[in-house]
Amino acid sequence: MIYVAVIVAICLAELLIRRYINQNVGEDGQKWGKCGVRLRKYHNYGMANDTLRKRPMLVKIIGVVVVSFLAVVFLFLLTLKGEKAGKWGLALILGGGLANLLERFVHGYVTDYLQFRVPLACLRKLIYNVADLCIFAGTAILFFRELAEAVNGIGDGIKTAVEKSMKDERLKA
């Protein structure tokens with residue numbers, strides 16, 4: 001299945017990228033590129049923005065629980081016809097989450113290495129990796145899938161209300 005291949009590809013890509021970063025990039029980082037991105041090695045011992053840094057076992061447990069739950073949902077989705085957006089979204093999220101979780105279990109941290117030049121200072125200090133970007137992309141796919149379904153549901157509701165109103169008007173006449 002293509003979706004499982006995507007998960008494996010994300011994990012393998014991150015393994016190779018992180019190996020390169022850890023061997024060739026310093027913690028002070030490289031110069032900013034023309035597109036506003038720079039490579040900067042950071043070992044994240046916690047979750048996002050080093051949250052729970054002092055509770056490494058809790059971070060691992062949370063990661064295992066979340067990835068396990070999403071894997072069960074993903075396996076269920078694989079049994080359904082269609083649902084491409086859900087399958088793609090979960091494949092990206094699982095690939096990123098699993099890549100981060102594997103490194104956390106092997107090394108005790110996750111290597112982050114992408115820093116973006118953005119206008120807000122509070123966001124400028126954050127450092128990401130490709131796995132994080134896959135998680136963001138998968139989440140966006142799922143969000144827009146749900147939004148589209150909600151909009152379609154509203155449209156169906158309006159259509160039903162209009163049809164009922166027209167039927168009521170015909171009965172009065």
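Two exercises on pockets and one on helix packing follow.

The model is predicted: local features need pLDDT of at least 70, side-chain atom pairs count only at pLDDT 80 or more, and totals for chains, interfaces and linings use all residues. Residues are numbered from 1 along each chain as its sequence is written, and side-chain values use heavy atoms, without hydrogens and water.

**Exercise 1.** Describe the largest pocket (on a 1 Å grid over the protein atoms alone, an open set of points where a 1.4 Å probe fits, with protein on both sides within 12 Å along at least five of seven lines; lining residues have an atom within 4 Å of a point).

Solution.
- Volume (the space filled by probe spheres set on the points): about 760 Å³.
- Of the 29 lining residues, Asn 44, Met 47, Ala 48, Asn 100 and Asp 132 are the closest to the centre.
- Elements supplying at least two lining residues each include β1 (37-44), α3 (84-107) and α5 (130-172). Helices (H or I, at least four residues) and strands (E, at least two) are DSSP runs, numbered from the N terminus.

**Exercise 2.** Which elements give two or more residues to the lining of the second largest pocket?

Solution.
- The second largest pocket holds about 240 Å³.
- Its lining includes Cys 11, Arg 18, Leu 102 and His 107.
- The elements are α1 (2-24) and α3.
- α1 gives the most, with seven residues.

**Exercise 3.** Find the packing angle of α1 and α3.

Solution.
- Fit axes to C-alpha atoms over the stretch in contact; angles run from 0 to 180 degrees between N-to-C directions.
- The angle is about 35°, and the axes lie 8 Å apart.
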